[in-house]
Amino acid sequence: MSNASLEAVVDPDHVQGWIDAIGSDASAAVPLLQAIQTAYGYLPRKAMNLVVERTRINASQLFGVATFYAQFRLKPVGRHMIKVCHGTACHVQGADRLNTSLRHALGIGDPEQDTATNGSYTVENVACIGCCSLAPVMLIDGQAFPNLKGADAQRHLHKHAREHNEILALQESAE
Ligand code: FES
């Protein structure tokens, strides 16, 4: 299923404000993209097109920068971010299993998507987050959950969802 419904509503005046403040030549590409992503959590196509229309940065320059740096996302994000560490230690300890379990709980079946269709959570794979002795590890909104075994990841997700009034796809599998 497409996550098109999760696309942000872009205010052209905001984009113009960033251009006015940051600049409009090629050297402004990275800071402009950072401003857009800070505001929307990713780089909405509409905002990217506005930058191309209103600056001297052409489309290939802007999209080249957006796709070169891992910090930039071209797809919408959920209200909460789950980062599953896929560094070597976590990979060996079953990071793939964690990922599968979380995606199942969130009903994310399309391998091209990483965000639940209700916009609740995004599941992202990340490189080593620096606490390998606690592998496997995931972060939910920046909070680390270490030594995840069995159904631990789903259990933490369900607890987090309850605390934040989020609906998961498979509530019946909670604890
Ligand atoms: S490999 Fe996961 S924390 Fe280092």
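Author: A residue is buried if 20 or more other C-beta atoms lie within 10 Å of its own, exposed if 12 or fewer do, and partly exposed in between, the C-beta atoms being placed from the backbone. The model discussed here is predicted, and local features need a pLDDT of at least 70, side-chain atom pairs count only at pLDDT 80 or more, while totals for chains, interfaces and linings use all residues. Residues are numbered from 1 along each chain as its sequence is written.

Reader: Is Asn-147 buried or exposed?

Author: Asn-147 lies in the loop between strand S4 and helix H7, where helices (H or I, at least four residues) and strands (E, at least two) are DSSP runs numbered from the N terminus. Its phi is near 50 degrees, a positive value in a residue other than glycine. Because 11 other C-beta atoms lie within 10 Å of its own, Asn-147 is exposed.

Reader: Which value does phi of Asn-165 take?

Author: Asn-165 belongs to the segment after H7, and with 7 C-beta neighbours inside 10 Å this residue counts as exposed. Most residues other than glycine have a negative phi, and most peptide bonds are trans. Asn-165 has a positive phi instead, with a value near 55 degrees.

Reader: Which two residues does a cis peptide bond join?

Author: One partner, Pro-136, is placed in the loop between S2 and S3. The omega angle of the bond is about -5 degrees, and the residues joined are Ala-135 and Pro-136.

Reader: In what order do the elements of the protein chain run?

Author: The protein chain has 7 helices and 4 strands. Read from the N terminus on, these elements follow one another as α-α-α-α-β-α-α-β-β-β-α.

Reader: How many Å separate the centres of domain 1 and domain 2?

Author: Domain bounds come from an automatic or database domain assignment, which gives residues 7–68 as domain 1 and residues 80–173 as domain 2. The C-alpha trace of the whole chain spans about 55 × 30 × 25 Å along its principal axes. Taken over C-alpha atoms, the separation of the two domain centres is 30 Å.

Reader: Which helices do the buried residues of H2 pack against?

Author: Helix H2 (residues 29–40) has 12 residues and reaches 17 Å from its first C-alpha to its last, close to the expected 16 Å, which is 1.5 Å times one less than the number of residues. The buried residues of H2 are Ala-29, Leu-32, Leu-33, Ala-35 and Ile-36. Seen down the axis of H2, they fall within an arc of 160 degrees, so they line one face of the helix, the arc being that of the directions from the helix axis to the C-beta atoms. That buried set packs against H1 (12–22), H3 (45–54) and H4 (59–68).

Reader: What value does phi of Gly-41 take?

Author: Gly-41 comes just after H2. Its phi is positive, at about 85 degrees.

Reader: What is the order of the strands in the open sheet?

Author: Two strands pair if DSSP finds at least two bridges between them. S1 (residues 80–85) and S2 (residues 121–126) run parallel and are joined by 6 bridges, whereas S1 and S3 (residues 138–140) pair in the antiparallel sense over 3 bridges. A further 3 bridges join S3 to S4, which also run antiparallel. The open sheet of 4 strands thus has mixed pairing, with the order S2-S1-S3-S4.

Reader: Which strands are the edge strands of this sheet?

Author: Ile-82 stands opposite Val-123 in S2 and opposite Ile-140 in S3. Each edge strand, by contrast, pairs on one side only, and the edge strands are S2 and S4 (143–145).

Reader: Which residue of S4 is the bridge partner of Met-138?

Author: S3 covers residues 138–140, and S4 covers residues 143–145. The bridge partner of Met-138 in S4 is Phe-145.

Reader: What distance separates the C-alpha atoms of Asp-152 and Ser-101?

Author: Asp-152 is found in helix H7 (residues 152–163), and with 16 other C-beta atoms within 10 Å this residue is partly exposed. Asp-152 and Ser-101 are 51 residues apart along the chain, and their C-alpha atoms are separated by 9.7 Å.

Reader: What percentage of the residues in the protein chain is buried?

Author: The protein chain has 175 residues. Its buried residues make up 32%.

Methods. Contact = placed C-beta atoms within 7 Å.
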